[in-house]
Amino acid sequence: WYVVDALTGKMIKKLETPEIMGSHNTIFSLDGSRVFLTGWHTNVMDIVDAKTNTIVKTIKFGNIVRPFTITGTGDRVFANVDDLLGFEVADLRTGQVISRVEVPGFGWSKERIKHHRCPSHGIALSPDEKELWLADGVNGFVHVFDATKMPPKLVKSIPTRDYPYWITFG
């Protein structure tokens with residue numbers, strides 16, 4: 001990653017991430033104190049102190065990390081990972097994955113996924129953080145979870161179209 005001054009375009013630092021190759025997903029914490037980094041083909045997320053531009057924590061997920069979201073308080077991360085119709089939850093204070101949540105009642109197969117190996121490729125918290133919304137690219141649904149419970153519990157599944165994601169790219 002390159003840390004760049006947004007006003008001048010001047011490079012401040014080239015941030016080396018030994019366990020992450022190919023920068024990809026990057027999110028700043030709401031308060032601007034932390035930056036969360038993942039790459040193309042890694043199960044690792046590095047957490048960077050935005051003032052010192054140094055890695056302060058590394059989290060290892062169960063598989064390659066895809067889209068992720070964090071809470072406004074910066075205490076949890078919810079991450080899509082390869083080979084899971086669902087998500088993993090990590091506690092950002094401890095740096096440990098604390099839950100692996102599968103979408104109940106829905107199946108998937110690797111043959112139906114044409115891009116990545118991630119049947120869930122999109123995840124977000126509602127503004128009040130009471131709900132977690134999960135994109136199901138295989139079955140064509142958005143799954144809504146109660147995020148006030150840990151691990152989050154499925155509340156409803158909303159069909160998004162007449163055909164699943166894989167057909168449109170197949």
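**Strand 7, the nonpolar cores and the paired side chains**

Val 65 lies in strand 7, which spans residues 65-70. In this predicted model, Val 65 is buried, with a relative accessible area of 0%. Val 65 is separated from Asn 43 by 22 residues in sequence, yet the two C-alpha atoms are 5.2 Å apart in space. When residues up to four places away in sequence are not counted, the residues touched by Val 65 are Asn 25, Thr 38, Gly 39, Thr 42, Asn 43, Val 44, Ala 79, Asn 80 and Val 81.

Strand 7 also takes part in the nonpolar interior, since at least two residues of the largest nonpolar core come from this strand, as is the case for strand 5 (44-49) and strand 8 (76-81). That core has 14 residues, and those with the most contacts inside it are Phe 36, Met 45, Ile 59, Phe 61, Phe 68, Val 77 and Leu 92. The surroundings of Met 45 illustrate the contacts: with neighbours within four places in sequence left aside, Met 45 is in contact with Phe 36, Leu 37, Thr 38, Lys 57, Thr 58, Ile 59, Phe 61, Phe 68 and Val 77. A second core, separate from the one just described, has 12 residues, among them Leu 85, Leu 134, Phe 145 and Ala 147. In soluble globular proteins, nonpolar side chains tend to be buried together.

Nonpolar side chains are also found at the surface, where Tyr 2, Val 4 and Met 11 make a nonpolar patch of about 320 Å². Val 4 is placed in strand 1 (residues 2-4), and its relative accessibility of 41% means that Val 4 counts as partly exposed.

Three aromatic pairs are held by the structure. One of them joins Phe 87 and Phe 145 in an edge-to-face arrangement, with 5.1 Å from centre to centre and 90° between the planes. Because Phe 87 lies in strand 9 (residues 86-91) and Phe 145 in strand 13 (residues 141-146), this pair ties together parts that are 58 residues apart in sequence. Both rings belong to buried residues, the relative accessible area being 0% for Phe 87 and 1% for Phe 145. Another edge-to-face pair is formed by Phe 106 and Phe 141, with the centres 4.9 Å apart and an angle of 65° between the planes. This pair likewise links distant parts of the chain, given that Phe 106 is in the loop between strand 10 (96-102) and strand 11 (123-125), whereas Phe 141 is in strand 13, 35 residues apart. Here the two residues are partly exposed, with a relative accessible area of 26% for Phe 106 and 21% for Phe 141; the latter value lies above the 20% under which a residue is classed as buried. Phe 87 and Phe 145 appear again in one aromatic cluster, in which they are joined by Phe 78.

A search of the whole structure for salt bridges finds nine. Strand 7 contributes to one of these through Arg 66, which forms a salt bridge with Asp 82, the closest N and O atoms being 2.8 Å apart. The two partners are 16 residues apart and link distant parts of the chain, with Arg 66 in strand 7 and Asp 82 in the loop between strand 8 and strand 9. Despite their charged side chains, both partners are classed as buried, Arg 66 with a relative accessible area of 5% and Asp 82 with one of 2%.

The salt bridge between Arg 100 and Glu 88, for which the closest N and O atoms are 3.0 Å apart, likewise links distant parts of the chain, with Arg 100 in strand 10 and Glu 88 in strand 9, 12 residues apart. In this case the partners fall into separate classes, since Arg 100 counts as partly exposed at 44% relative accessibility, whereas Glu 88 counts as buried at 3%. A further salt bridge is formed by Lys 149 with Asp 146, the closest N and O atoms being 3.5 Å apart. Lys 149 is partly exposed, with a relative accessible area of 42%, while Asp 146 counts as buried at 17% relative accessibility. Beyond these individual pairs, Asp 75, Arg 76, Asp 91 and Arg 93 are linked in a network of salt bridges.

Terms used. Residues numbered from 1 in each chain as written. Predicted model: local features only at pLDDT ≥ 70, side-chain atom pairs only at ≥ 80, totals over all residues. Heavy atoms only, no water. Patch = residues over 30% accessible without salt bridge, like charges linked within 9 Å, V, L, I, M, F, W, Y side chains within 5 Å. Areas by Shrake-Rupley, 256 points an atom, 1.4 Å probe, with all protein chains shown as cover. Salt bridge = Lys/Arg side-chain N within 4 Å of Asp/Glu carboxyl O. Helix = DSSP H or I, 4+ residues; strand = E, 2+ residues; numbered from the N terminus. Buried < 20%, exposed > 50% of the residue type's maximum accessible area, 1.4 Å probe, protein only. Contact = heavy atoms within 4.5 Å. Core = buried A, V, L, I, M, F, W, Y, C linked by side-chain atoms within 4.5 Å. Phe/Tyr/Trp six-rings, centres within 6.5 Å; stacked < 30°, edge-to-face > 60°.
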